[in-house]
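Let's take a walk through this model, starting with one helix and then stepping back to the whole chain. Keep the structure open alongside as you read.

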Amino acid sequence: MKTPLALLCGLMLSAAVCMAQGDPQPVQLNHSLAPKPALCATPPMGWSSWNVFACSIDENLIREIADAMVSKGLLDCGYTYVNMDDCWHGERDADGFIQANAERFPHGIKPLADYVHAKGLKLGIYSDAGSETCGGKPGSQGYEFQDALTYARWGVDYLKYDWCNTENVNSKGAYALMAKALRASGRDIVFSLCEWGDTRAYSWASEIGHLWRTTGDVNCCFDCELDFGGWKSLGVLQILDKNEPLRKYAGPNHWNDPDMLEVGNGMTVNEDRAHFSMWCMMAAPLILGNDIRTMSKATADIITNREMIAIDQDSLGVQGLRYRVESGLEYWLKPLQNGDWAFCVLNRTLSDRVIDLDFSAFNMYDNLSGNAFRSASHTYRVRNVWTHKDETPSNRVRTVTIPAHDVVVYRLSY
Ligand code: GLA
């Protein structure tokens, strides 16, 4: 039987250029993309295995996490995706189809997806544009269409696509190829690019994926940078500083991703609260990275703060901005629907700070959203997002204490 060239190229080889048998001319694959499915009107929310479990994952863990997502009220708050990160993989079969690790996932991925779906959750998976993943498992390079088809058959809803072992690979081409494969699979799959901002995916990927990492890996510390030779991992403040200038690239269905949350993994409660708040101020994807089965009440209270989550998930979909910096304090604003604003003061220092906060001093116009913060002429209602209390209106100056490495966050309603 004659093998159709398109099938050979598309399904098996997935190379940028295929040679027809006996044809000296290279045949260009058509890389035009079907329209991207609109799956992320607001930043995606869920959980990922990597920060706490790294390669120690199996199907029991994923099931228990899915159970906890429901029993701890996380699904009700909007956390939907249960994402397996690196190391779920086994080998490819004789036809090149990827298999799950048979010891860790003896029932395979499809029953796991069914289990997760029956709870109202969605399942995420992980691969890499190179020959191997960052953890040394089989990458998707050369198998893009087969892998996308496999994920779709399993019922996968979300793909994080990493960037290890990609020497001499063009990033836009590689990510566009997997985007095309996902769309050709016929299943709606969120596409999360993970090239760490190295090739500025934020500037070219809005039609390719739903979110893209903007930085190297997060480290569980508030203010640090760890150098591992070829790569660095970054604390909360270091990631904040890299992600903030990129606000113009983010919006509904195309989000900057400053990496997964480290809330509950060892920082202080103040730092965890600040970390979570700043990710919400930046309209970041909220992908939990802790062991939600055993988390403390303090951690649960932070990640289930619905008023804070509502700021992240606001339908305007505009990333907040750092408006003013004053001796270790930062004043952030995020425009929200219906003329509301989120207002946050971040204390980067190691001392508690007391300020007289006068909202009228922050009157401003945001070019990106076209929204104005009319604090000099308009009196907003003021709601403290962490104490869950209404406060005196915005035309009154208030004395506020911001503990070290902590925040105060208000919602100002028009
Ligand atoms: C990279 C990614 C991480 C994680 C690991 C898995 O470092 O940036 O988020 O997925 O790979 O190996």
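**Starting at a covered helix**

Helix H6, residues 144-154, is mostly covered, with 9 of its 11 residues counted as buried. If you want to click through them, the buried set is Glu 144, Phe 145, Gln 146, Asp 147, Ala 148, Thr 150, Tyr 151, Ala 152 and Trp 154. Among these are the acidic residues Glu 144 and Asp 147, so it's worth remembering that "buried" here just means under 20% relative accessible area. Right after H6 comes Gly 155, which has a positive phi, near 95 degrees.

Before going further, a word on confidence: this is a predicted model. The average pLDDT for the protein is 93, and 92% of the residues reach at least 70. The part to treat with care is residues 1-24, where pLDDT stays under 50. The model does give that stretch 35 contacts beyond four places in sequence. Still, where pLDDT is low, the predicted coordinates should not be read in detail.

Now zoom out. The protein has 12 helices and 24 strands. How does its radius of gyration sit with that of a compact globule? For 414 residues such a globule would come out near 22 Å, and the protein has 23 Å, so the two agree. Along the principal axes, the C-alpha trace spans about 80 × 45 × 40 Å. Of the 414 residues, 55% are buried. As for who touches whom, take the contacts with a separation of 6 or more: 68% of them join residues 24 or more positions apart.

On the outside, the protein exposes about 16,900 Å², and carbon and sulfur atoms supply 49% of that area. Charge-wise, there are 38 positive and 50 negative charges, and the mean positions of the two sets lie 6 Å apart.

Back to single residues, and to backbone angles. Asn 168 has a phi near 65 degrees, a positive value in a residue other than glycine. You'll find Asn 168 in the loop between strand E8 (158-162) and helix H7 (171-184). Its relative accessibility is 85%, so Asn 168 counts as exposed. Further along the chain, Asn 338 also shows a positive phi without being a glycine, near 60 degrees. This one sits in the loop between strand E16 (329-335) and strand E17 (341-347). Is Asn 338 buried or exposed? With a relative accessible area of 67%, Asn 338 is exposed.

Another loop to visit is the one between strand E10 (211-213) and strand E11 (225-227), which holds Asp 223. At 45% relative accessibility, Asp 223 counts as partly exposed. Which residues does Asp 223 contact, once its neighbours within four places in sequence are left aside? They are Leu 237 and Gln 238. There's a backbone distance to go with this: the C-alpha atoms of Asp 223 and Val 236 are separated by 6.2 Å, with the two positions 13 residues apart along the chain counted as their separation.

Last stop: Ser 71, in helix H3 (residues 59-71). Ser 71 counts as exposed because its relative accessibility is 61%. Try drawing a line from there to Arg 293: the pair is 222 residues apart in sequence, yet 9.4 Å apart in space, C-alpha to C-alpha.

How values were computed: Residues numbered from 1 in each chain as written. Predicted model: local features only at pLDDT ≥ 70, side-chain atom pairs only at ≥ 80, totals over all residues. Heavy atoms only, no water. pLDDT = per-residue confidence, 0-100. Contact = heavy atoms within 4.5 Å. Helix = DSSP H or I, 4+ residues; strand = E, 2+ residues; numbered from the N terminus. Rg over C-alpha atoms; globule rule 2.2 N^0.38 Å. Buried < 20%, exposed > 50% of the residue type's maximum accessible area, 1.4 Å probe, protein only. Areas by Shrake-Rupley, 256 points an atom, 1.4 Å probe, with all protein chains shown as cover. Lys, Arg positive; Asp, Glu negative; His and termini not counted. Charge placed at Lys NZ, Arg CZ, Asp CG, Glu CD.
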